Amino acid sequence: MAKLYKKTSGNGTLTLYLGKRDYVDHVQNVDPIEGVVKLDPAGLAGRKVFVKLACAFHYGREDLDVIGLSFRKDIWVKHIQLYPDAGHKPNLTPMHVCLLKKAGEQGRAFTFDIATNLPCSVTLQPGPDNAGKACGVDFEVKTYIATEADPEEKLDRKDTARMTVRKIQFAPDATGAPGPRADICKSFMMSDKPVHLQASLEKEIYYHGDPINVNIKVKNETSRTVTKIKIIVEQTTDVVLYSADKYTKTVLSQDFGETIDANSTFDKSLAITPLLAENKKKRGLALEGRLKDEDTNLASNTIIRAGMDKEVLGILVSYKIKVNLMVSSGGLLGGLTASDIQVELPLILMHPKPQEV
């Protein structure tokens, strides 16, 4: 095992062990969470030990909970009693065996199967001055000491050990289908000839960090000049769990100084690469669920399976590319803006599937 993750409770009675913190959604199934809890019966004072997996949506600061305002909504929760033994006997995997060697004789193995209809981990980027837990959907594994599986009384922090994990999704295998294409034919006042704009992508899915070639064809039959081409990539985040909030953020805006003279044509691919590195201070941008002290990237597109309840997904993420032509003014008309000739293309951004997954 390359790396081991562990967290010990404040009182030293519980230690949670995990072999990884990223769990892959393969569409048909999700990687199970295989872990071990090391416990000291002498520190339990007659109480029980549980381990819990919760998928929750956070939409406020944690300190609001102190004044009676809830800052989270549980989407899905599962509890397992580890001590005294309540019959949870997972089939031991190589991961379990390795973790049990680390935990020793008091180690108790557990396995959580994650439901396939749950959202992937998403975090909304906080502003530079925002502190506390970011808004978003996350998964948490927590072991705790209590009298019941889900006690109404608030647990003492020293009786708990917890770790955030991520549910992630990789791009499906390439289908070979062509990428999207959009066309527009725009005529201007006092001109009997139009400008034809066609934009297309070479494929359906692009990987984070890879260049995206936008194929642009223009047939300018007017007496005007296209002075510039602007390409914009927008991320739309639809928060569907607790309200109908929808946010659109520009993650790339790039000008290309390509000119297209009157009565001429243009056919060229222009490369763009939307990156989180260029958007670090943009509040509300959807990122892949961030683990403490670990960097992340722009959120991947939400893949919705047939029959899924969108509300359970919490946050839906999508992208689109806008191609704009800036056309010079002509005759008695005023200056025209980039939005006068525009087409939009849907964009799917995801991670490639690693060889070993």
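Helices (H or I, at least four residues) and strands (E, at least two) are DSSP runs, numbered from the N terminus. The model is predicted, so to speak of local features calls for pLDDT of at least 70, side-chain atom pairs count only at pLDDT 80 or more, and totals for chains, interfaces and linings use all residues. Residues are numbered from 1 along each chain as its sequence is written, and side-chain values use heavy atoms, with hydrogens and water left out.

**Exercise 1. Find the cis peptide bond and say which loop holds its proline.**

Step 1: look at Tyr 83 and Pro 84, which are joined by a cis peptide bond with omega about -10°.
Step 2: place the proline. Pro 84 is in the loop between β6 (72-83) and α1 (94-103).
Step 3: zoom out to the whole protein, where the secondary structure comes to one helix and 20 strands.

**Exercise 2. Work out where Ala 45 and Asn 263 sit, and whether each is buried or exposed.**

Step 1: get the cut-offs straight. Buried means under 20% relative accessible area, exposed over 50%, and partly exposed in between (1.4 Å probe, protein chains only).
Step 2: take Ala 45, in the loop between β4 (33-39) and β5. Its phi is near 55°, a positive value in a residue other than glycine. With a relative accessible area of 70%, Ala 45 is exposed.
Step 3: do the same for Asn 263, found in the loop between β16 (245-256) and β17 (264-272). Phi of Asn 263 is near 55°, again positive in a residue other than glycine. Asn 263 has a relative accessible area of 60%, so it counts as exposed.
Step 4: for the protein as a whole, buried residues make up 45% of the 357 residues.

**Exercise 3. Describe the largest nonpolar core and what Ile 321 touches.**

Step 1: know what to look for. A nonpolar core is a set of buried Ala, Val, Leu, Ile, Met, Phe, Trp, Tyr and Cys residues joined through side-chain atoms within 4.5 Å.
Step 2: the largest one has 72 residues, and those with the most contacts inside it are Ile 33, Phe 110, Ile 216 and Ile 321. Strand β19 (residues 315-327) gives the most to this core, with seven residues.
Step 3: check the neighbours of Ile 321, where contact means heavy atoms within 4.5 Å. Leaving out residues up to four places away in sequence, Ile 321 touches, among others, Leu 201, Val 233, Ile 272 and Glu 344.
Step 4: there's also a second, separate core of six residues, including Tyr 17 and Met 95.

**Exercise 4. Which parts of the chain does the stacked pair of Phe 50 and Tyr 144 link?**

Step 1: apply the ring rule. Rings of Phe, Tyr and Trp (its six-membered ring) pair if their centres lie within 6.5 Å; planes under 30 degrees apart count as stacked, over 60 as edge-to-face and the rest as tilted.
Step 2: a search of the whole structure gives two aromatic pairs. In one of them, Phe 50 and Tyr 144 are stacked, 5.5 Å centre to centre with 25° between the planes.
Step 3: locate the partners. Phe 50 is in strand β5 (residues 48-58) and Tyr 144 in strand β9 (residues 136-146), so the pair links distant parts of the chain, 94 residues apart.
Step 4: Phe 50 and Tyr 144 are both buried.
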